[in-house]
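Please look over the structure shown here before reading on. The paragraphs that follow go through its side-chain contacts step by step.

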Amino acid sequence: MAPETIAKAGARPLASFGDLVLAVPECSKGIGAVIGSPTSADLIAGVRIQPLTLYPDDRGYFLEVQRFGRGLAADFPAATSQVSAALNFAGTVKAFHYHLHQTDCWTPVTGMLQVVLVDLRLGSATFGRRNTMYVGALRPWQVLIPPGVGHGYKVIAGAESLLVYMTDRFYNPQDEGRIPYNDPSINYDWETQRK
């Protein structure tokens, strides 16, 4: 896609690979669409959500995070998939990053996260759309994030959070791009809304 076409879309060129062209959209200040249902019409194209079941008893609870060949990550190849975990202190913001190839499948295990997604895929029907999800111990959702969708989060509970995530390929630093959490074009409002 030509730079002048990207500029006409009100965007800043970011990266590309083949037909996937990424750009940073111009967004108004805010948090975008708050996603309260896995079937929300406001979801960014290609993002999928699956509620998970907790099995509590008098010792705590059991949570099944992933089965190879099933669920949101059913198509992830077992030979090259990777499972990782990120421990995050209260108030931490980790954003934004994106991939040209990698698909992520996130499962917040403890704490609560304000997950933020932004569609960076120029030509996508949802280009520039931002999604906010409040997920974790109080809403055990798994979130599938396709290539070209910028993603990040803020720990909103008063305690640490643990994010377990599976990727469809081994970590490759050349496939990961970063955008500052306070990018003026994405214009995401990280302040606690308390509304």
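How many salt bridges does a search of the whole structure find? In this predicted model, the search finds 6 salt bridges. One of them joins Arg67 to Glu64, where the closest N and O atoms are 2.8 Å apart. Arg67 counts as partly exposed, with a relative accessibility of 41%, and Glu64, at a relative accessible area of 33%, is partly exposed as well.

Another salt bridge is formed by Asp168 and Arg169, with the closest N and O atoms 3.5 Å apart. Asp168 counts as buried because its relative accessibility is 14%, which is under the cut-off of 20%, whereas Arg169, at 34%, counts as partly exposed. Glu176 also forms a salt bridge, in this case with Arg178, and here the closest N and O atoms are 2.7 Å apart; Arg178 is exposed, having a relative accessible area of 58%.

From charged side chains we can turn to aromatic rings, of which the search of the whole structure finds 4 pairs. Among them is the pair of Tyr55 and Phe62, which is tilted, with 6.2 Å from centre to centre and 40 degrees between the planes. Tyr55 counts as partly exposed at 49% relative accessibility, and Phe62 is likewise partly exposed, with a relative accessible area of 48%. Elsewhere in the sequence, Phe96, Tyr188 and Trp190 are linked into a cluster by ring pairs.

A last contact brings together a charge and a ring: the charged end of Arg139 sits over the ring of Trp141, at 4.7 Å from the centre of that ring.

Technical notes:
Residues are numbered from 1 along each chain as its sequence is written. This is a predicted model: local features need pLDDT of at least 70, side-chain atom pairs count only at pLDDT 80 or more; totals for chains, interfaces and linings use all residues. Side-chain values use heavy atoms; hydrogens and water are left out. A salt bridge is a side-chain nitrogen of Lys or Arg within 4 Å of a carboxyl oxygen of Asp or Glu. Buried means under 20% relative accessible area, exposed over 50%, partly exposed in between (1.4 Å probe, protein chains only). Rings of Phe, Tyr and Trp (its six-membered ring) pair if their centres lie within 6.5 Å; planes under 30 degrees apart count as stacked, over 60 as edge-to-face and the rest as tilted. A charge sits over a ring if NZ of Lys or CZ of Arg is within 6 Å of the ring centre and within 35 degrees of the ring normal.
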